[in-house]
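Biologist: Could you pick one chain of this model and walk me through it closely, the way you'd do it at the screen? I'd also like to hear a bit about what sits beside it.

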Amino acid sequence: MDIVVPVKMVPDLVEELEVNAEGTDLDRSVMKLRINEFDEHAVEEALGLKGRHGARVTVLAVDTGDVDETLFTCLAKGADRAVKITGDFQNGVSSHTMAAVLAKVIAGMPHDLILAGVQAADDRDGQVGVLLGATMGLPHVSVVTGVEPAGDKAVSVRQEYAGGLVAELEVDLPAVLGIQAARQAPRYAPVSKVRQIMKTAKLEAIAAPAVDAGAGSTVRRLAKPEVAGRAEFIEGSPEEVAERLYAILTERGLVK
Amino acid sequence: MSDLVTPAREVFRNFPAALISLFYGLSTLAMAVALWGLWQRGRKYWRGRPADRWHALGRRLLRAGAAVGSHTTLARRNVGVGLAHAGIFWGFVALFVGTIIIMIDYDVVRLVNPQWRFWKGAFYRWYSLILDLLGLAFLGGLGLMMCRRWIQRPPALDYTRPDREPGAYSRSAYTTDDRLFLWLLFWIAVTGYLVEGMRIAADRPAFETWSPVGWQIADLFDALGVTPAVNRLHLWFWWLHALLALGFIAYLPYSKAIHMVLDGVNLAFKDDLAGKRLPAVPEAAAVPGYQTLADLTWKDLLDLDACTKCGRCHVACPARAAGAPLSPRDLILELREHAEHGLGGRTWLRERQVRPAGPAMTGAVIRAETLWACTTCRACMDACPVGIEHVPLIVQMRRRLVADGDLDAGLQGTLEKLQRYGNSFGQSDRNRARWTQGLNFKIKDARKEPVEYLWFVGDYAAYDPALQGLTRGVARAFHRAGLDFGILYEGERNSGNDVRRAGEEGLFQLLAEKNVEALARARFNAIVTTDPHSYNTLRFEYPELGAAYRVRHYTEVLLDLMRSGHLPLERRLGGVATYHDPCYLSRYAEVMDAPREMLVTLGLRLVEMRRNRQNSFCCGAGGGRIWMGDTRVAGVPTAAEQRIAEALESPGIRSFVVACPKDVTMYRAAVKTGGFEGRIEVKEIVELLGEALAPHPALSISPSGPLRGAGGGRENTGGGVAGR
């Protein structure tokens with residue numbers, strides 16, 4: 001089975017974020033990027049499948065900056081192939097363009113299963129998997145928390161719903177899945193292994209094919225949240241604290 | 001017996017020639033059996049990977065010889081055991097050398113030229129006296145050890161394993177070996193004396209008064225009127241003695257008696273910096289660390305066989321004390337069993353256990369949870385009288401667990417943060433010096449201007465909001481004393497000490513490289529650290545990476561400043577305090593006096609805990625443990641809680657003083673979780689310094705507070721230091 005995992009770089013929230021002068025995007029010049037957490041789970045799910053059933057795992061990343069280390073880390077964790085899609089992406093890339101580029105690139109490589117993170121922390125629109133499925137004409141399931149082969153031509157997937165409900169679906173291959181969580185926490189990549197891979201392995205680079213997908217949506221204004229509201233620290237004995245809490249809750253009609 | 005005018009004795013008295021031949025035959029057999037066993041063991045060590053322990057061989061041998069001869073490592077903190085063992089040791093040496101002397105005189109010199117025989121006359125007299133008296137020391141020592149093992153039964157000699165279910169193994173064979181060993185030696189000595197007494201009783205040569213014990217036994221035979229009867233038994237007893245002794249020789253390499261051969265050797269090849277400076281991973285290694293027996297060095301294999309099961313590490317280990325499935329003793333013994341199984345050189349009486357199939361050692365024979373329980377506090381290595389190096393072995397196996405991704409989620413998360421941000425708090429490296437914002441002076445940037453002291457602050461001191469106040473306290477004290485110091489600001493990374501000990505060697509190298517680079521760019525005379533863990537790696541490990549600097553702990557620097565009058569105290573503090581030695585400051589860095597002197601200079605009365613200085617008890621944070629999930633074992637106090645309780649054993653102690661950022665975190669938590677609130681307060685030494693430097697006396701710890709009132713009466717009835 002050939003599994004393709006497209007991963008995306010998102011801003012590292014540990015660093016302070018700045019809005020650009022136009023007020024339409026983050027200031028990318030001072031931003032550090034890291035792999036989208038859901039994509040990390042998609043990679044883990046692919047590697048888990050490889051470990052249990054054997055597979056060839058290819059990790060793809062559109063080069064929005066800082067992707068090399070992420071791709072090397074994926075190789076160190078056990079991915080077979082890491083491909084960087086190069087182009088003019090330094091100012092980020094919309095889901096529509098991302099999906100269009102990925103669709104063309106993936107179409108040119110063997111793919112039975114495409115695992116994408118269900119959404120990314122920067123736009124939260126969860127569209128890449130859906131668009132990929134639509135563009136490539138493949139079945140798509142989102143919010144997936146586990147994948148197992150079901151015969152040669154299908155996979156059985158677990159899809160999570162609100163309230164702890166889980167659906168089990170069978171999907172024909174090839175298919176696109178939006179991964180919510182791998183069945184186990186993403187594995188650790190020891191530094192020595194990553195460094196060794198950096199010395200011995202090479203990342204493949206594919207120039208991004210020309211696409212005209214549009215942005216889908218545009219940001220009109222981006223601003224830091226305004227400071228609002230205030231906190232009250234309740235001090236005193238447990239009885240006093242409880243009394244005050246009760247007073248607040250009844251005041252707001254939360255307790256009758 | 002007119003031919004024996006000069007003092008001497010006949011070697012084979014009343015022996016028919018056939019019996020003499022039988023004796024030589026049996027001796028040869030016993031020695032052959034022993035040599036076979038020694039060969040088997042030697043071959044096992046030969047198969048080990050190389051270890052560089054051959055440099056300064058002369059000094060090593062001298063040091064080991066001195067340690068064995070004087071019993072310094074054995075008698076340390078165990079004077080009684082040391083004396084008893086010294087009796088056995090020197091008694092055995094005397095009796096063994098005595099036997100060799102007879103062999104040389106009778107079996108060599110006599111055959112070459114009988115005129116040259118020397119085992120007679122004055123030599124014989126002194127020989128008799130020394131052997132007779134040291135034989136008593138031998139028996140006395142054995143008696144004490146028997147009482148200790150079978151009557152006193154200290155916890156160290158309890159073979160129960162914390163890392164296996166009670167029914168999963170049986171160590172009755174170990175107990176049998178102990179009995180066999182002690183009783184064999186005992187009966188060899190007793191039969192020796194009886195044979196001597198019988199020989200003397202037969203014809204009472206006057207010079208045999210130089211054998212006082214034998215003479216007394218002969219007197220006893222006379223008094224009992226059994227002399228004629230025992231004369232007939234002499235030959236039988238001679239043979240009994242000989243068979244026991246030959247049996248012992250044959251038994252030696254297949255039993256715990258092998259420690260007589262191996263332990264001096266093991267001490268000689270001991271690494272002085274074992275644990276302090278961990279072995280690097282060889283460039284050629286495909287995967288780091290130890291996975292199977294084939295990965296062990298010959299010194300590792302020797303370590304395994306050197307263990308006498310004395311249990312000192314077992315009782316010193318904080319992980320075991322806190323109920324974790326780790327005992328350094330059982331780790332070593334389990335590996336020994338595994339190595340004997342796989343590489344031969346076997347002990348005769350072994351543990352009975354269903355052994356895991358396959359060659360996997362790490363994670364199978366030694367379970368992952370056992371390896372992760374270690375705090376790398378080095379208490380085991382410090383306690384071990386025979387130089388076994390537990391901590392490097394554990395780290396080598398952890399390296400493999402890390403390579404296999406078999407690690408705790410909390411630890412993995414922290415390592416990922418360290419990879420990405422260079423600190424264990426997962427904060428931006430740009431915020432590393434944010435703690436300085438509360439100061440009303442600017443700390444020099446050592447990357448930009450030269451300083452005398454480069455202060456390596458460390459993650460906890462720099463990032464933990466609960467500790468930043470203390471860090472500023474150190475800065476203020478340095479500043480007030482006019483110390484020329486600076487920091488690396490964003491250039492500092494986690495030193496990697498505990499990363500390395502958690503088994504993430506690659507990450508250690510990465511962090512260390514960045515620090516080495518930053519240090520190379522700065523200009524300074526010496527490094528001062530807040531964190532004893534950083535101290536260790538900077539001092540002992542960084543030199544191998546090209547960064548050899550003088551390293552000092554801030555308590556050393558502050559004490560210097562106090563002594564030289566640069567830190568005049570506003571007031572002297574009162575009250576009783578105890579000082580907890582951080583593992584990495586006492587056992588690793590061997591800085592123990594500076595903090596104590598500081599406390600005394602500050603005016604505090606210092607009361608030592610039962611375990612102090614290098615015998616200190618770990619807080620449980622080291623070796624990456626502080627990054628792992630909550631590891632409390634239900635119903636067992638944590639190591640830190642046990643330590644606070646230990647401090648409270650001594651009456652009047654209200655301040656528990658520490659000199660390590662991690663200790664503040666660990667012990668403040670332990671005071672809360674252990675229910676000690678209101679009875680004792682955890683103080684960082686720099687807080688106390690700050691109080692003594694402050695002009696307002698209101699900040700002092702008052703000598704008569706509610707603490708004394710509440711705790712005094714109860715504590716005064718307690719045992720205190722001397723009671724234990």
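Modeller: One definition before we start: two residues are in contact if their C-beta atoms, placed from the backbone, lie within 7 Å. Also keep in mind that this is a predicted model. Let's take chain B. Among its contacts between residues at least 6 apart in sequence, 82% join residues at least 24 apart. Chain B has 724 residues, and 46% of them count as buried. You'll find 30 helices and 11 strands in chain B, and along the principal axes its C-alpha atoms fill a box of roughly 100 × 60 × 50 Å.

How is chain B divided up into domains? The domain assignment gives four pieces. Domain 1 is put together from 17–43, 57–157 and 172–267, while domain 2 is a single run, 273–403. Domain 3 covers 428–492 plus 503–561, and domain 4 takes 572–723. Going by C-alpha atoms, the centres of domain 1 and domain 4 of chain B are 49 Å apart.

Start with a pair of helices. In chain B, helix α1 (residues 17–46) packs with helix α8 (residues 227–251), the axes being 7 Å apart and the angle about 20°. Angles under 35 degrees count as roughly parallel, so α1(B) and α8(B) are roughly parallel to each other. On the α1(B) side, the residues that meet α8(B) include Phe23(B), Leu26(B), Ser27(B) and Met31(B). Across from them, α8(B) brings Ala242(B), Leu246(B), Ile249(B) and Ala250(B). Sorted by class, that contact has 10 nonpolar residues, one polar and no charged ones.

Now scroll along to the sheet. Four strands of chain B form an open sheet with parallel pairing, in the order β9-β8-β10-β11. The edges are β9 (605–606) and β11 (681–684) of chain B, each of which pairs on one side only. Look at the β9(B) edge: two bridges join it to strand β8 (residues 576–579) of chain B, and the two run parallel. If you want a spot to click on, Val576(B) has Arg605(B) in β9(B) as its bridge partner. Lying across β8, β9 and β10 (655–658) of chain B is helix α25 (residues 593–601), which runs at about 170° to β8(B).

As for the neighbour, nine residues of chain A are in contact with 18 residues of chain B. The chain A side of that contact has five nonpolar, one polar and three charged residues. Chain A has 256 residues, 39% of which count as buried, with six helices and 11 strands. Its C-alpha trace spans about 65 × 45 × 40 Å along the principal axes. For contacts in chain A between residues at least 6 apart in sequence, 70% join residues at least 24 apart.

One residue over there to finish on: His140(A), in strand β7 (residues 140–149) of chain A. Is His140(A) buried or exposed? A residue is buried if 20 or more other C-beta atoms lie within 10 Å of its own, and exposed if there are 12 or fewer. His140(A) has 18, so it is partly exposed. Beyond its neighbours within four places in sequence, His140(A) is in contact with Gly129(A), Val130(A), Gly133(A), Ala175(A) and Val176(A).

Methods. Residues numbered from 1 in each chain as written. Chains lettered and ligands numbered in written order. Predicted model: local features only at pLDDT ≥ 70, side-chain atom pairs only at ≥ 80, totals over all residues. Nonpolar A, V, L, I, M, F, W, Y, C, P; charged D, E, K, R; others polar. Domains from an automatic or database assignment. Axes fitted to C-alpha atoms, helices over the stretch in contact; angles between N-to-C directions. Parallel < 35°, antiparallel > 145°, perpendicular 65-115°, else oblique. Pairing = 2+ DSSP bridges.
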